[in-house]
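Here's a quick tour of the model, meant to be read with the structure open beside you. Take a look first, then follow along.

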Amino acid sequence: DFPTLRTWREQGGQLLRAAEDQMDLLGTVFFMIVLVAAYQLVATLLLTVTEKRREIGVLGALGASPGRVAGFFCGLAALIAGVGCAAGLGLGALLVANIGSVERFLGGGKRIFLPEIYIFESIPTRVELSSSVLLVAATLLCALAFSLLPAWRAARTPIVKALARR
């Protein structure tokens, strides 16, 4: 009988597949978080359109086109999403850089990921630039797409009704 050689992928294949599955699951969870945030953005912008109805009427009376009013609300959504993305990237980088402290905090001073179970001495982390760029792009795209309804509603606000006393 000849000895057989096994690659590291064959040796730890099950563990590697589990880690890849967890990465896929995290991507799905992050995308769902983006959708929830986009829904919150729509709710905020719709409330802003309702509250700023009079100001939208004044803009229209001063000559602002419906496209310009819609552009304002799309720009507001882009600003909110941009600030959120920047804050999220910063917080994410901070948490990844201090993952050991985060583990101890969440575990009440004790380790959560025990080396006997997970084979790793410390929690392995890797930030993929392509995944981060994809998530930020998806977030900004969702923000823009979800801002179209409030922008459309603001652009269609009749000037006379907006300026009328409530």
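## Ground rules and confidence

Contact here means heavy atoms within 4.5 Å. Keep that cut-off in mind when we get to Ala154 and the residues in contact with it.

One more thing before we dig in: this is a predicted model. The average pLDDT is 86, and 95% of the residues score at least 70. Confidence dips to its lowest in helix α1 (residues 8–11), with a mean of 68, and peaks in helix α4 (residues 66–97), at 92.

## The overall picture

What is the protein built from? You'll find 8 helices and 0 strands, so to speak an α-α-α-α-α-α-α-α run from the N terminus on.

Don't expect a compact globule. For 166 residues, that would give a radius of gyration near 15 Å, but this protein has 24 Å. The C-alpha trace spans about 90 × 40 × 20 Å along its principal axes. Buried residues make up 17% of the 166.

How far along the chain do contacts reach? Taking contacts between residues at least 6 apart in sequence, 80% join residues at least 24 apart.

## Helix α4

The helix with the highest confidence has 32 residues, and its first and last C-alpha atoms are 46 Å apart, close to the 46 Å expected at 1.5 Å a residue.

Which residues of α4 are buried? They are Val69, Ala70, Phe73, Cys74, Ala77, Ala81 and Cys85. If you like helical bookkeeping, an α-helix has 3.6 residues a turn, so residues three or four places apart point the same way.

## Helix α7 and its bend

Helix α7 covers residues 129–155, and its 27 residues should span 39 Å at 1.5 Å a residue. Its end C-alpha atoms are 38 Å apart, which agrees. There is a bend, though: α7 turns by about 35 degrees at Leu148, and a proline, Pro150, follows within four residues.

That proline is also on the list of buried residues in α7, along with Thr139, Cys142, Ala143, Ser147, Ala151 and Ala154.

## The nonpolar core

The largest nonpolar core has 13 residues, and Ile56, Phe73 and Ala154 have the most contacts inside it. Helices α2 (13–51), α4 and α7 are the elements that give two or more residues to this core. The most comes from α4, with 6 residues.

What does Ala154 touch? Leaving aside neighbours within four places in sequence, Ala154 is in contact with Val49, Ile56, Val69 and Phe73. Two of those names, Val69 and Phe73, should ring a bell from the buried residues of α4.

## Leucines 47 and 59

Leu47 sits in helix α2. Leu47 is partly exposed because its relative accessible area, 48%, falls between the 20% and 50% cut-offs. In sequence Leu47 is 103 residues from Pro150, but their C-alpha atoms are 8.8 Å apart in space.

Leu59 belongs to helix α3 (residues 53–61). With a relative accessible area of 41%, Leu59 is partly exposed too. The C-alpha atoms of Leu59 and Val69 are separated by 7.8 Å, with the two residues 10 apart along the chain.

## Isoleucine 123 in its loop

Ile123 isn't in a helix; look for it in the loop between α6 (115–118) and α7. Is Ile123 buried or partly exposed? At a relative accessible area of 22%, Ile123 counts as partly exposed, because buried means under 20%.

Which residues does Ile123 touch? Not counting residues up to four places away in sequence, they are Ile99, Glu103 and Phe113. As for Leu94, which is 29 residues from Ile123 along the chain, the C-alpha atoms of the two are separated by 15 Å.

Terms used:
Residues numbered from 1 in each chain as written. Predicted model: local features only at pLDDT ≥ 70, side-chain atom pairs only at ≥ 80, totals over all residues. Heavy atoms only, no water. Expected span 1.5 Å × (residues − 1). Bend = angle between axes of the 7 residues up to and from the residue. Buried < 20%, exposed > 50% of the residue type's maximum accessible area, 1.4 Å probe, protein only. pLDDT = per-residue confidence, 0-100. Core = buried A, V, L, I, M, F, W, Y, C linked by side-chain atoms within 4.5 Å. Rg over C-alpha atoms; globule rule 2.2 N^0.38 Å.
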